[in-house]
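Biologist: I would like to learn how to read a structure feature by feature. Show me the model, and then I will ask.

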Amino acid sequence: MAKADDSRAAGRKAAKPKTGERKAAMPKDDAIKAASPKTGSSKTAKPRILFLCRILAEETDPEHGLSLPQIQDKLAEHGISCERKALYRDFDALDAAGVKVGRLHTRPVAYYLESRPFDPAQLMLLADAVQTSRSITKSNSTALIRRLKKLASKSQAKSIDARVHVSGRVKMQNESIFRTLDLVQRAIAERRDISFGYMRYDAEKRLRDVPSHDGKDRVKTPLHLVYSNDNYYMLAYDDEAPDHIRVYRADRMRNILVLGKSDRSHRLEPGFDIAAYEKQSVDMYGGRPQLMKLHVAEDLVGNVIDMFGADDVECSEASGVRELADSDASPSGAGDHNAAEKGALGPASRRWAVMRVKAAPSATFFGRIAQFGGDVRIVHPKSAAQAYEEHLERALAAQRL
């Protein structure tokens, strides 16, 4: 056995070329075949299936498919060649991974990507929301819509371009809003305080810093972020504020720094309903919410419901409501200011409703009620009704100056 082993070892040594001796050159065509992976081999399958998925995502939808020869041509543009059988295997692999490839019964049969995160109607809705949102700047809107279109086929993306157009929409000017929201959300999640400056517009339409009592940046404990009426608001803990909550417009905040851990007592009370607080505070401004009784002309009941939400409004038919006589009131509200004092009141000629809502009797709430003229009135509590009258009297007196 030893001799046999020695003879095999000697044979292997003899097979090695001597120093300086060159190997016999392989024919050029054979070298290319040896270096190139076989069509449909595992070495090309992985990049091929990724390119296939990308091609189907960009080029196809239920209205536009690609035949197998067209898919092969698209893959060839990326330097990938494959047989039909390999594509069938790829379709099966995608289907097993949850990526459904559909078939259009055309001649020849065409294939399209059936599985998408959003359908065209949903993408259109998202694009409209981004484009019309005041809380997103114009440049950020453009960037977001560009990314949304990547979730659609090229044909569907063109439909989004043709649909989205909002003329004259007021857009936020603060380009750093996403950074602000990210920092505030991080502080909330980690229960940390933040320091920040706060700005308001001055008479020359310039954003100016609003100093705090000590002239330094504010230090607050952020509690919640709320999106209301096209703006983001930060709810922060404040010992001196009603319900210990102070509200700040997120796009007015600047130079935000995340600080150390916040005081454990700076928390929302257990069971605090943030959705209810948003509705009751109306536009995130105002004092302590209270239950109010309103008299509302029937044709405006829907407007009040839209303002507060159907689930948060009680409604019934009212009786004994008086109206200004038609001769003393006009649709524009330009009638005699002293009509009520002159007794130009009579039985209501329309149906009225009693509506009960919970809201803060603030200038913002009064302004929203005032837009309906005398067709929405605060009846109870008397303190809120009186505060509304004083609000209107001050506005009227200032207008007459």
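Biologist: How many disulfides does the count come to?

Modeller: Keep in mind that this is a predicted model. The test is a distance between cysteine sulfur atoms, with a cut-off of 2.5 Å. By that rule the count is 0 disulfides.

Biologist: Are Cys53 and Cys315 buried or partly exposed?

Modeller: Cys53 is partly exposed, at 25% relative accessible area. Cys315 is partly exposed too, at 46%.

Biologist: Now the interior. Which residues touch the most other members of the largest nonpolar core?

Modeller: The general idea comes before the case. In soluble globular proteins, nonpolar side chains tend to be buried together. Here the largest nonpolar core has 22 residues, and Leu294, Val296, Phe308, Phe365, Val376 and Ile378 touch the most other members. At least two residues of this core come from each of strand 10 (290–297), helix 11 (301–308), strand 14 (352–359), helix 12 (363–370), strand 15 (376–380) and helix 13 (382–400). Another core lies apart from it, with 17 residues, including Leu66, Leu75, Leu87 and Leu94.

Biologist: Helix 13 supplies core residues. Where does Ser383 lie, and is Ser383 buried or exposed?

Modeller: Ser383 sits in helix 13. Its relative accessibility is 51%, so Ser383 counts as exposed. The cut-off for exposed is over 50%.

Biologist: How far is the C-alpha atom of Ser383 from that of Pro361?

Modeller: They are separated by 9.2 Å, with the two positions 22 residues apart along the chain counted as their separation.

Biologist: On to charges. How many salt bridges does a search of the whole structure find?

Modeller: Look for a side-chain nitrogen of Lys or Arg within 4 Å of a carboxyl oxygen of Asp or Glu. The search finds 14 salt bridges.

Biologist: What separates Arg186 and Glu190 in helix 9?

Modeller: About one helical turn, because they are 4 residues apart in helix 9 (residues 177–190). Their side chains meet in a salt bridge, 3.7 Å from N to O. Arg186 is partly exposed at 41%. Glu190 is partly exposed at 32%.

Biologist: Which residue forms a salt bridge with Asp238?

Modeller: Arg246 does, and the closest N and O atoms are 3.3 Å apart. Read the burial of each partner separately. Asp238 is buried, with a relative accessible area of 8%. Arg246 is partly exposed, at 32% relative accessibility.

Biologist: Are Arg252 and Asp251 buried or exposed?

Modeller: Arg252 and Asp251 are both buried. Their side chains meet in a salt bridge at 2.7 Å, N to O.

Biologist: Which residues are linked with Glu59 in a network of salt bridges?

Modeller: Lys74 and Lys154 are linked with Glu59 in that network.

Biologist: What about a charged residue without such a partner? Which side chain of opposite charge is nearest to Arg218?

Modeller: Asp217 is the nearest, 6.6 Å away. Arg218 is buried yet has no salt bridge. Next, check for polar atoms around the side chain. The backbone oxygen of Val210 lies 2.8 Å from a polar atom of the Arg218 side chain.

Biologist: Where in the fold is Arg218, and which residues does Arg218 touch?

Modeller: Arg218 lies in strand 6 (residues 218–228). Leaving out residues up to four places away in sequence, Arg218 touches Ile194, Ser195, Phe196, Tyr198, Val210, Pro211, Ser212 and Tyr248.

Terms used. Residues numbered from 1 in each chain as written. Predicted model: local features only at pLDDT ≥ 70, side-chain atom pairs only at ≥ 80, totals over all residues. Heavy atoms only, no water. Buried < 20%, exposed > 50% of the residue type's maximum accessible area, 1.4 Å probe, protein only. Lys, Arg positive; Asp, Glu negative; His and termini not counted. Polar contact = N/O pair within 3.5 Å; in protein donor to acceptor, adjacent residues only side chain to side chain. Contact = heavy atoms within 4.5 Å. Core = buried A, V, L, I, M, F, W, Y, C linked by side-chain atoms within 4.5 Å.
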